[in-house]
Amino acid sequence: MLRLLGWLFGFGLFIGIIILGAVILFVANISKDLPDHEALANYQPPITTRVHAANGALLAEYARERRLFQPIETVPALVIQAFLSAEDKNFYLHGGIAIDGIIRAIRDNVMDRLEGGNARLVGASTITQQVAKNFLLTNEQTWDRKIREAILALRIEDTFTKDKIIELYLNEIFFGFNSYGIAAASLNYFDKALYELSISEIAYLAGVPKAPSNYQPFRNPKAAIERRNWVISRMAANNYITTEQAETAKKDNLNVVPRAAGSREFSSEYFTEEVRRELAKLYGEDQLYGGGLSVRTTLDPKLQLFARRALMDGLIDFDQKRGFREPEATIDISKDWGVAIFDIEPLSDVPEWTLAVILEMETNQAKIGIRPIKNADGSVSSERVVGALSGSETKWVKKSLSTILNIGDVVYVETIKDKPDIYTLRQVPEIDGALVALDPRTGRVLAMVGGFSFAKSEFNRATQAVRQPGSSFKPIVYAAALDNGYTPASVVLDAPLEVINSDGTIWKPENYAELFYGPQTLRRGIERSRNVMTVRLAKDIGMPLVSEYARLFGIYDDLLPVLAMALGSGETTDMKMTAAFATIGNGGRKIIPTLIDRVQDRYGKTIYVHDQRICEGCVATEWNNQAEPLVIDNREQVLDPMTAYQITSMLQGVVQSGTGTYVKRLGRPVAGKTGTSSDYKDAWFVGYTPELAVGVYVGYDNPRSMGRSATGGTLAAPIFTQFMAAALEGKPATPFIMPSGMNQTWIDPATGIRAIAGSAAILETFKPGTGPNSITSVIGVDSEAFLNIEAGAGGDANQGRGGLF
């Protein structure tokens, strides 16, 4: 008997050794190709890139996985406790795997298979095992994967602290709504930081990762609340909260309010899209959408709103003067009109307007149904709101409403101030345009609007539309002349001119007013925007020189050196024109516009700054009575500061007595220039004060005439003026500072000859060594011809037709 027992013991030991060896071999085989768990020490998850305005307000977020890394030290204790209650209450006690959980899972899975079931395998994963699976393995439901997961969990526990493991877990898990990590989930579900969450909100988030789609708050609110309440009960059972707190929290609604990826509060879509393109160019798509960049832009939110309003008002005003065109759509209202109109998507970035359908029509008033709002789950609200569309409040339509609208027509409407149930008719303008505002001292773009609506068209007319600047280019021609021996008092002949082109054809430049004006000073020529004398001036100094100045100012890379280009026949952008005028405004230092002040990486290290000026003494740890830091402006000087002041003075004349007199109502020193291309296809006004440079462009996307009345002075200048009035309200008028060494002399503005101060004379500014003209200094004619012209002998001097102005 003893021998038999010994034999059985030996046999059992033998079998045990074989099984143990097999297990060891199996584990060794699985372990040999396991991922390196130590790579978790260098964990760099994809993190959301965030774009901020100059004042720190959030403008946009870019991410494939919306995640914000949250160090464990900054995670509230109650948040950690909620996740422990939901996922792994013994996390701080076990060594990576929970033996009791494994036994329970094996029992449940075996019983299910013995009973013929085919349910998903029950897991017993600790938080450490979930970290191993999420970071290093797949979601494959096999015994082999579970064993690998357990081995990795043990190794992770041996390598990292518990706090590091829970930090990895909380920043990696998926919550739905494209939210990865607890910080992003808190913002995207509740628009709150972690420390602002209530018990019920924390519990809901802790319950979601188990099955985000099953606990989706809008599709499955009942299941979501049950799961949340279960987590609350577990938190109470684990003594993290009191029973009273638990019962109170269970009574809360879910109160989930999905957060948009960016803010529309500042109407900055064109601006942020331009920033996005620039970041992608600088750092690539992977860094943009996963690098966790923190971008501080130059945008001034208040100025951006002013810019949007000014451009919209100008475009709407122009469009309305041409009458109502047609409704946005027509729908069947015999059933539920709310559902029918809800399917028509309105312009999301014009919140002042809403879509409405005509329900009943009288002669000049209509009963309208307002497009229903969207429920939180994206469905149409059951509430139906009606109002009255008033013809008397829609005075821009010169006809009665019944002659232009029918029942079922869908149109845009806007409420009347102080009359919430009364609406006026609106329509999306066909015309479009752009406005750029930047700091002429630094090139920082403070506001940029690339069109009427980004939702309608993402094409940015500030940076992508290349259009003819017309006469707004003339200051570059005059700057080249003043830099090369001419003065504002130099006289150029404004008389018929024939230019023989290289192909033998003849071009005859013409003035807008169909007149010629004889000898004119450069000042008067630019104030009145004389075309022919500008061409004659360009001919005299040479178009290659003009082309070089256009390149130096950044308007054109390679302007064709033909005389027609002196009148702005080349194509450029609003951004480039605004930067060129800003260069004049700051004294000739080249401006390179920027939308980005600074970029920091995920660790807070600055990896880009726009301002490259040298600052000696800016880095100091303490003050020891040292002198203030010296900032050295190392930007390229593309224009003589004295020339820049002369051009500025002449452009002030444009505003005071020339083609830009609409701007004079600002009541402060402003320099600027109108521009209108041939056939009235483009209207411009570009101008500046010492603190702000602004360029406005208006035109159809597919160029066509806007009509003879649509000039830079009548269409673009009012938009410029409205913006400037709002932007500079409450700020003292700032004069332009004349460089030292220049002298001022009273001259006759018609001839440039020295004059005695009086009503007809003006105070002109000259560089050292220059001064008023002699009577014979006329460019484009010899002395005898000049005397004849002065005597009235130029018989055909008033023949011609307008062109660019």
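**Close-up views of side-chain contacts**

Tyr204 is buried, at 2% relative accessibility. The model shown in every view is predicted. Tyr204 returns in the second view, as half of a ring pair.

**View 1. Phe83 and Tyr169 form an aromatic pair.** The model holds 19 aromatic pairs in total. In this one, the ring centres of Phe83 and Tyr169 are 6.3 Å apart. The planes stand at 80 degrees, and the pair is edge-to-face. Phe83 belongs to helix H2 (residues 77-87) and Tyr169 to helix H6 (residues 162-172), so the contact ties together parts 86 residues apart in sequence. Phe83 is buried, at 0% relative accessibility. Tyr169 is buried too, at 2%.

**View 2. Tyr189 meets Tyr204 edge-to-face.** The centres lie 5.7 Å apart and the planes are at 65 degrees; the cut-off for edge-to-face is over 60, so this pair qualifies. Tyr189 sits in helix H7 (residues 182-190) and Tyr204 in helix H8 (residues 199-207), with their positions 15 residues apart in the chain. Tyr189 has a relative accessible area of 2% and is buried. Ring pairs also draw both tyrosines into a cluster with Phe177, Phe190 and Phe218.

**View 3. Arg635 and Asp633 form a salt bridge.** The N to O distance is 2.7 Å. Arg635 is partly exposed, with a relative accessible area of 22%. Asp633 is partly exposed as well, at 25%. The count for the model comes to 38 salt bridges.

**View 4. Glu273 and Arg277 are joined by a salt bridge within helix H11.** N and O are 3.3 Å apart. The two residues are 4 apart in H11 (residues 269-290), about one helical turn. Glu273 is buried at 15% relative accessible area, whereas Arg277 is partly exposed at 26%. Salt bridges with shared partners link Glu273, Glu274, Arg276 and Arg277 into one network.

**View 5. Arg523 pairs with Glu527 in a salt bridge.** Their closest N and O atoms are 3.4 Å apart. Both residues lie in helix H15 (residues 522-527), 4 residues apart, or about one turn. Arg523 is buried, with a relative accessible area of 8%. Glu527 is buried, also with 8%.

**View 6. Arg322 lies over the face of Phe318.** The distance to the ring centre is 3.6 Å.

**View 7. Arg530 sits over the ring of Tyr517.** The charged end of Arg530 is 3.6 Å from the centre of that ring.

How values were computed: Residues are numbered from 1 along each chain as its sequence is written. This is a predicted model: local features need pLDDT of at least 70, side-chain atom pairs count only at pLDDT 80 or more; totals for chains, interfaces and linings use all residues. Side-chain values use heavy atoms; hydrogens and water are left out. A salt bridge is a side-chain nitrogen of Lys or Arg within 4 Å of a carboxyl oxygen of Asp or Glu. Buried means under 20% relative accessible area, exposed over 50%, partly exposed in between (1.4 Å probe, protein chains only). Rings of Phe, Tyr and Trp (its six-membered ring) pair if their centres lie within 6.5 Å; planes under 30 degrees apart count as stacked, over 60 as edge-to-face and the rest as tilted. A charge sits over a ring if NZ of Lys or CZ of Arg is within 6 Å of the ring centre and within 35 degrees of the ring normal.
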